[in-house]
Amino acid sequence: MTVRSIRSMPLAKAALVAMLLSLAIPIATSAPANAAAEITVSASPATLSTDDLGLKGTEITGGYFQADDVLNIALDGVPVGQTVQVGNVGTVSFTFTKSNVSPGTHLVNLNSTKGGPNGEVSIIVLAGAELTLSKSTISSTELAADGISITGKNFEKYCNGSFTLAGKQFGYASCDESGAFSSEKFPVKVGAGTYAVTFDDGYGHQASAELTVTGATPADPVVSIDPGTISAADLFFKGVNITGHGFPANRAITLISEHAGDVLATVQSDASGDISYLLKTSGFLGTSGIQFKSGAFSPVARFVVTPSFGASLSPSTISSTELASAGTTVQGTFFPVGAKVTITLDGKNPQVATVDAQRNLLYQFKQTGVNAGKHTIGLTWFFSAPAGLPAGAGGSDHLNLPLTVTASPALTIAPTKSAAPALPAVVPASSTEQLANTGSDPAPALLGLALIVLGVGAVLLSARRRSAAG
């Protein structure tokens with residue numbers, strides 16, 4: 001439509017055409033605004049702690065931006081010094097990180113540097129990892145005796161972290177599914193001062209809380225054992241006297257074997273922090289130590305335990321044949337009643353004997369196939385351990401007895417001779433002395449002689465009577 005044709009129109013119609021032409025321009029220029037409205041931006045995660053925002057960040061993705069644009073990233077309108085490149089189809093993806101962001105709702109801005117459309121996305125920032133102490137001010141004595149408990153939150157879920165105080169590690173805690181924990185009480189021995197108690201979850205999250213300690217560093221308690229040297233049997237039957245002072249008042253003191261780590265007993269300190277206890281136990285030999293554990297206190301007292309039992313072999317020299325058949329007698333004294341004593345030859349082939357009610361040991365030790373030479377009979381007893389253990393096991397009382405085994409004599413057989421035929425015994429009639437000299441019993445011979453004499457006398461008497469009658 002030309003200007004001339006417009007002029008030839010009636011005035012009302014010309015006004016209508018002019019209005020329509022004026023509307024055409026804004027309709028054409030409003031297309032970019034419609035395109036900007038289609039931009040999509042999202043954050044994952046959209047809710048995170050201030051620690052995670054600084055450590056891990058959140059993944060930002062967007063679409064429908066101007067192709068090949070360069071976006072300037074800002075937080076709440078303040079540039080963070082990060083730019084990202086838009087792809088040739090208008091998409092963008094990047095990790096947004098920012099440390100020390102205060103808790104609350106924030107906007108991540110994606111601003112075009114080439115006149116294209118802008119975008120933004122909202123994120124929620126939570127408070128970072130936090131620690132809370134059961135006491136923020138505590139005396140050095142109470143801290144060493146009882147300790148403090150600690151709670152935490154906003155750490156990595158299911159974490160296992162450690163505590164430090166004054167640069168020293170002093171405890172551990174495990175987080176639940178929400179990254180929170182509540183610890184037991186941890187005792188620490190330090191002097192007066194202000195300290196940072198720190199928890200590190202191992203995933204980059206750390207939090208600290210301030211602790212004020214009053215009073216000088218408490219001294220370790222002093223403990224003694226009397227007597228300082230004792231036999232193993234006396235330790236079991238009579239015991240040692242333990243005394244100590246300087247412990248926290250009215251506290252449980254745990255006695256622990258320094259070598260084995262076994263709990264021996266638990267005693268209670270009095271109102272003055274003193275302890276007194278008669279300890280009867282077994283399993284100690286040589287220089288031994290007992291640790292006295294209470295809170296952060298753990299003094300150690302040492303004493304010497306000597307073997308107290310004895311034993312002997314009879315015989316101590318024996319042939320291999322006799323050792324296999326009759327054996328050698330093992331006799332011992334002063335063993336614990338009912339103890340199971342393992343008896344070995346050169347540390348092998350264990351045999352077990354039981355100590356009687358009088359603390360004596362009596363056992364006939366037999367062994368076959370032993371070579372001639374020097375050997376060792378080993379005696380090992382455990383008061384409560386199972387029988388049949390090899391000699392020399394740790395934690396036992398042990399005794400070695402020397403045994404000499406000789407070679408068995410060779411068996412010789414003497415040649416046999418033909419026996420002379422037996423002759424009937426002839427009893428002398430004239431003399432009993434000869435009977436006695438034979439070494440035989442003379443009574444039967446004498447009886448025979450008497451019968452002969454009587455017979456002869458009877459014959460003579462009968463003949464005389466016949467003669468007188470004739």
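Mentor: A word on terms first: strands (E, at least two residues) and helices (H or I, at least four) are DSSP runs, numbered from the N terminus. The model is predicted, so local features need pLDDT of at least 70 and side-chain atom pairs pLDDT 80 or more, while totals for chains, interfaces and linings use all residues. Residues are numbered from 1 along each chain as its sequence is written, and side-chain values use heavy atoms, without hydrogens or water.

Trainee: Where does P227 lie?

Mentor: The peptide bond leading from D226 into P227 is cis, with omega near 0°. Most peptide bonds are trans. As for its place, P227 is in the loop between β17 (222-226) and β18 (229-231).

Trainee: Which residue does a cis peptide bond join to S314?

Mentor: Look just past β25 (310-314), in the loop that runs on to β26 (317-319). Omega is about 0° there, and the partner of S314 is P315.

Trainee: In what order do the 5 strands of the open sheet stand?

Mentor: Strands pair when DSSP finds at least two bridges between them. β10 (137-139) and β13 (168-174) each have a single partner strand, so they stand at the edges, with one side lacking a neighbour in the sheet. With mixed pairing, the order is β10-β16-β15-β12-β13.

Trainee: Which residue in β16 is the bridge partner of G193?

Mentor: Strands β15 (residues 193-200) and β16 (residues 206-214) pair in the antiparallel sense over 8 bridges. In β16, G193 is matched by V213.

Trainee: How far apart in sequence are the parts that C159 and C175 tie together?

Mentor: Their sulfur atoms are 2.2 Å apart, which makes the pair a disulfide (sulfurs within 2.5 Å). Both C159 and C175 are buried (under 20% relative accessible area, with a 1.4 Å probe and protein chains only). C159 sits in the loop between β11 (150-153) and β12 (160-165) and C175 in the loop between β13 and β14 (181-182), so the linked parts are separated by 16 residues.

Trainee: Is N100 buried or exposed?

Mentor: N100 lies in the loop between β6 (92-96) and β7 (104-112), and its phi is positive, near 60°, although the residue is not glycine. Most residues other than glycine have a negative phi. Its relative accessibility is 77%, and the cut-off is over 50%, so N100 counts as exposed.

Trainee: What is the relative accessibility of D346?

Mentor: D346, in the loop between β28 (340-345) and β29 (348-354), has a positive phi near 55°. D346 counts as partly exposed (between the two cut-offs) because its relative accessibility is 38%.
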